[in-house]
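Work through the exercises below with the model open. Each task is followed by a solution in steps.

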Amino acid sequence: MLLKNISSLTMLVLVATVVQGAEKLKYNRDIRPILSENCFACHGPDSAARKADLRLDRREDAIKFGAIVAGSAEKSPIIERIYSSEKGKVMPPPKAHKVLTAIQKEKLKQWVLEGAEYELHWSFIAAKKPTMPQNKNASWAKNPIDRFILAELEKKGLAPAPEADRRTLARRLSLDLNGLPPEPSVVEAFVADTRPDAYEKLVDQFLQSSSWGEHRGRIWLDAARYADSHGIHFDNFREMWSYRDWVINAFNNNMPFGQFTIEQLAGDLLPNATLEQKIASGFNRCNITTNEGGAISEEYLVLYTRDRTETVAQVWLGLTAGCAVCHDHKFDPFSTKDFYSMAAFFNNTTQGAMDGNIKDTPPIIAVPNLNDKARWEEVTKALAIVRTQVENRKKEAKGDYDKWLATASKDTFSNRTPTEGLVVSATLKEGKGDKLEFIINKEKKMVDAPEIAWVKGQTEEKVLQVAKAGSVTIPEIGDFEKDQAFSFGAWVLTPRQAFGPLFARMDDTAKHRGWDLWFENGKVGAHIVSSWPENAIKVMSKATFNQNVWTHVFVTYNGSGKADGVKIYVNGIAQATEALSNNLTGSIRTNVPFRLGSRHSKESLQKATFHDLKIYNRSLKPEEVAALGPVEKLVQILAKEQAKRTPEENNQLFDWWLSNMDAKSKDLTTQLGNLDREEKELKGKGTIAHIMVEKPEPSMAYILNRGDYDKRKDKVAAATPEVLHSMPKDTQRNRLGFSQWLLMPENPLTYRVTVNRFWQEVFGNGLVRSSGDFGITGDTPSHPELLDYLALEFREQGGDIKKFFKLMVTSATYMQSAVSTPEKLEKDPANRLLSRGSRYRMDAEMIRDYALASSGILTKKIGGPSVKPYQPEGVWEAVAMIGSNTRDYKPDTGENLYRKSMYTFWKRSAPPASMEILNAPNRETCTVKRERTNTPLQALVTLNDPQFVEAARFLAERSLKESGGTPDSQLDFITMRILSRKLNPSEKALVLSERSDLLEYYAKNMEEAKKLQTFGAHKSDPKLNLAELSAWTMTINSLMNLDEVLCR
Amino acid sequence: MNITSLIQEQGLAMTRRHFFSKGSNALGFAALTNLLGNKAQGAPSTDSSAMNPFPSKAKNVIYLHMVGGPPQMDLFDYKPKMQDWYDKDLPDSVRKGQRLTTMTSGQARFPIAPSKYKFSQHGPSGMWFTELLPYKAKMAGDLCFMRSMNTEAINHEPAITYMQTGNQQTGKPCLGAWASYGLGSMNQNLPAFVVMVAKPSNTEQVQAISARLWQAGYLPGEYAAVPFRTSGDPILYLNNPPGVPTQIRRRTLDGINQLNQMTLNQVGDPETLTRIQQYEMAFKMQTSVPELTDMARESENTFKLYGEAARKPGTFANTTLLARRLVERGVRFVQIYHNNWDTHGNVAGRLPDQCRDVDQACYGLIQDLKNRGMLDSTLVIWGGEFGRTIYSQGGLSKTNYGRDHHPRCFTMWMAGGGTRPGSVYGETDDFSYNIVKDPVHIRDFHATILQLMGFDHEKFTVRYQGLDQKLTGVEHARVIKELMA
């Protein structure tokens, strides 16, 4: 009731002010909010939703239409309609559920009387250098920021808060610049430092720490929507962390903001792009992707482009472009055409729609370990040289080859078939009856084959066709174990592209244990399975072959249990493969027999035709495989008259000669092989980067009706939004040109949006609170001139991020104490005016890192693969599909349990449980501002999560060992680490009394103490007194939950 | 006046503390933000006076989502004529160029697979039931069927997201979040919105689900569901660490609160007061939740009703029983996911298991609610994200077949909460392929549910990114009166 009375009172006062009209109304401040809220939905920029063809967002349209007659309220129908009481006449119409207040109506009337002047939305007007405000209190300001802040405070009759004490400042700075609490030694040194620039020195110290890049980077990764899984459906692992490490390094090297922008948006398009610049382009590869069976590619390609466009618009332009996907933006002058023209910049990548459920969805590049980088570069160069030499040799060798060919005969090829380890061989071309001859371990065996047919082969008169699934079974073949090497293959043909096994020893009724040779719509593959899908290898050729042509397929397996131990050969040539499953640890032996054309059950490949089946009990070398099927073919080619050989056949002969008979080529091949192997080794030790690769054609996109991928309208070329400055003619119409356009001095948004986000990072809120929306529906800046000053300052200083943060944190505004007063709570309740130091709960990651760092258990290591600290069981399993490689969460051991939280493996469909409770986003889409709630579930995390309890235990142990013998000194040691200060006497009394209560309990209940000290990975020192240790553990657990600790 | 009492008096701490709003406040967050004029970035505001003009029937909702898409023609949408169509091709005049998933779009033929199951009629409406659902048939008089549900999505991820949030793209608030946002909680010690993921007994074709399905989107984060887990702590981090009994936790909380009170007095940050209150709330949850999940005191009759499976943690039957206990204690919205309905192949091998998991449990839940006089105020919803095709995916025989995703029609049912018992709405053609009468789009379905809860879906909006966002989106949605009692 009280509040209601206040608001109606305020209303009366306001109406009076408006009517008296002391100050001329301003469109942006007074009028646009009313029109935008009540009128623009039907009479605004959205052409599809527009009623009566009237626009009120543009002066010339409103006047031309006759809705407004400037200077005359009586003649302006808009005023008549808003005051009307007729149901069919009044605006907004009743069904719009919008009602104008008396003040709003008066304002509109007065504005029309004053001439109905419009203004362009503030954020679309380029920033202007503001005049420095004068302050009554001339001594407070330390830098220009303060003059703007103080001017507003003085207008409201408020005085700034006193400067915070040094301990508070050290803690605040450390948290804002490094994301961690300060080491007690750093705090003490600062407290004792009497130099006039002690504070500045401390700022520099934190800016130089490598934690700076981690902390800034961690925040940037929300905007970049970085995560370690693909996001949709299987939500499998994505090896993406090289991009994360690039971000950390960029901040630590203080990369200028312009370069930071260009390399992330277009690093791949820079001339002679370096490896790092390509890694940076991974910004646009952080979007969520799918591999759901049944998904339509075009639909997802459209979604990916949309996500990239919305992300860039939000991060650099502060625009919520998403609305314009379906319709012209209702409020911002941002049309559907603008959206899709901008989307065209991000629509030109070679990335496919399906992520393949693999960790390295193309386009990718290999990224060597830091230590291997020099050698990597050498190998890459050498490889290029040897490859050229190989090509050159091909050209030179023609003469030698012709000489050889003249003398070559069938015998040249004879006896090249490897026989070592040949355990099964069957020609399968005898061509009669229902018995087949197999040579098994050098012994001939006749096998019953009741349902077979004999059909004509490629040159053979008759070869075997399996007419009915499961008719040819041989129990003694192919009983291998997973750590045994073996190889298998044959000449095969099937009538059409299809899925199915060529031959197998596999029990598909018992989790598919065993192995097979498999066709999948023209791709050749093999399964080696203990239990499908969780314990198995599946490898497929990347290329597709025509199954309707005789093909020699062969698979070798080296017994390593790894997918890269499986090689697939087609016509003697090793194939690039994809590992679709790679987790084999169990046995693959099964009692079911070997079968031709099917697995154990009825599942079969219809009318599969075979000859020359061979199985070895070892892994054949590439040249041995080449000597199997293909050699037979060569003999046939050689048997033909020269004139009748096709060019392809001639090439086959030549290639064989080069790799088997020509010493020079053989030597080069060996070199190439060695270099290749080394490159692979280096690759194996390193990681990869997901990068952008531009298609050669110009960037284009389609305008889509309501955003539906299958409702294409006009095709549009890449262009920037019309309301903003135009792209210079000589700029390329691609991502590079676009990123340069973002950074042009004419751009009114990029720098404002960026400095506002930086402001938010240290003050908790931006000067524009809606840091992701600088459009018409976003908030207006609390200090517009300050925002402009900061944007221009940042740009003019070359986008120097460290310098900019230094400017902010050395302001008197920043250094204020957070202590509030009743007056300030009344006049500046949300601290928008910064009448006191800002104070807010830390982000999820900081809260965990704080506990780890203050106890001293934090692992200080930068970058590398993401880690898996403690997480309650079942969080991943509850949502993941069976077969997803992010279904089973296995916590790491050792130092990986205590890495900074930014390195925690981020699975998008189930983000790190404790962090999600503390408002960490799911990283599916761009987030530029996190929510900050205050809930009981959060209390449960910091009270009970083993991570926090273990940190408390660790600190308890240290306090007993490192701080001298009294509870008092132990407590000082603890609070210096947790709070950067000693407690005052009344606080101390409370805490020590808690500790002694706890001690009393644990001394009597040693079993409980033992339980408390033995869970988790860290083992407490057995020499310490268990009760004392437990009493301190729980006391520290309390202290770590203090509001003072959780807030920065 | 000192600063702490000022904070307390002004109730400023209320601005952020809406996770468990007061029982008397039926509007939850909505009213609070309005009163306090909270216009923080991203924080929505809403026109509270307009949003619930209807008397609400459904005070609570239990939504049973069958992940994967149940085959309507094998369960409820009886199509006897299809027996004559066995292995014949689906006529183009029926398919009408419908887009298919890429799992069957390459299939050479679309041979019709008539349901292999026997059907019989039950209840006042003469609704048809498959032989696999004898318990459902027994309570035909309680159920309100929609045989004409339809969607545009054809793959799981977008389809489930659509069903739960009214939009195929992620990021929008789900139905449960809207409900808890609008209705608030009736129990200070429990969240308003709870989600449970049941374990199906057959796991051949389990589909992905994601925490995004129960997130709050642009609503404040506290309206997201709190997951109740089937193993470990029922709520994450609920239990004290080993070696920390309740009295020790109490002692440490007292310590925390004393020091926080000093901070509050000294610094004057309203958030500190909120934190003190939230720590107390956390402590209360530590006792109320174990009492809630402890089924030891349920009677033998209860287990007879729900089936023996209800004793086993994590089963669908167990979660439905828990759902009743949650609703009994004032939880507004309980969402249960039951997986493995994605029968691309082997319908005969899986569907009986799926039905066995849910049949008696649903019966038990509804009879239990009825016996306790709670059914009138509790809306129970059952259904998947889309239907399945009449034509077979993969091999077809008289006894077994597979079915691909089908968006154009599927069957769902509701019970209680003001729905019309014993009724059937909507009709499909002989192929269960197209709707011939009374379609119910997802938007219509959402609009109807909101109305059952007392909300006008047109007016129940929040302001976000400058738009009045609503569950039913921008396209026309129809409240279907015929579904209401």
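**Exercise 1.** In which loop of chain A is the place of Pro92(A)?

*Solution.* The model is predicted. Pro92(A) sits in the loop between helix H5 (77–83) and helix H6 (102–113) of chain A. Next, check the bond that leads into Pro92(A): from Met91(A) the peptide bond is cis, with omega near -10°. Most peptide bonds are trans.

**Exercise 2.** Where is Pro363(A) placed, between which helix and which strand?

*Solution.* Pro363(A) belongs to the loop between helix H16 (336–345) and strand S1 (364–367) of chain A. The peptide bond from Pro362(A) to Pro363(A) is cis, and its omega is near -5°.

**Exercise 3.** Is Asp235(A) buried or exposed? Do the same for His512(A).

*Solution.* Start with phi. Most residues other than glycine have a negative phi. Asp235(A) has a positive phi, near 50°, and is found in the loop between helix H11 (210–223) and helix H12 (241–252) of chain A. Now apply the cut-off: 20 or more other C-beta atoms within 10 Å make a residue buried. Asp235(A) has 31, so Asp235(A) is buried.

For His512(A), phi is positive too, near 60°. His512(A) lies in the loop between strand S9 (499–507) and strand S10 (513–520) of chain A. It has 23 C-beta neighbours inside 10 Å, so His512(A) is buried.

**Exercise 4.** How many residues does each chain bring to the contact?

*Solution.* Chain B brings 77 residues and chain A brings 81 residues. On the side of chain B that touches chain A, H9(B) gives the largest share, 12 residues. That side divides into 34 nonpolar, 30 polar and 13 charged residues.

Notes:
Residues are numbered from 1 along each chain as its sequence is written. Chains are lettered from A and ligands numbered from 1 in the order in which they are written. This is a predicted model: local features need pLDDT of at least 70, side-chain atom pairs count only at pLDDT 80 or more; totals for chains, interfaces and linings use all residues. Two residues are in contact if their C-beta atoms, placed from the backbone, lie within 7 Å. Helices (H or I, at least four residues) and strands (E, at least two) are DSSP runs, numbered from the N terminus. Ala, Val, Leu, Ile, Met, Phe, Trp, Tyr, Cys and Pro count as nonpolar, Asp, Glu, Lys and Arg as charged, and the others, Gly among them, as polar. A residue is buried if 20 or more other C-beta atoms lie within 10 Å of its own, exposed if 12 or fewer, and partly exposed in between; C-beta atoms are placed from the backbone.
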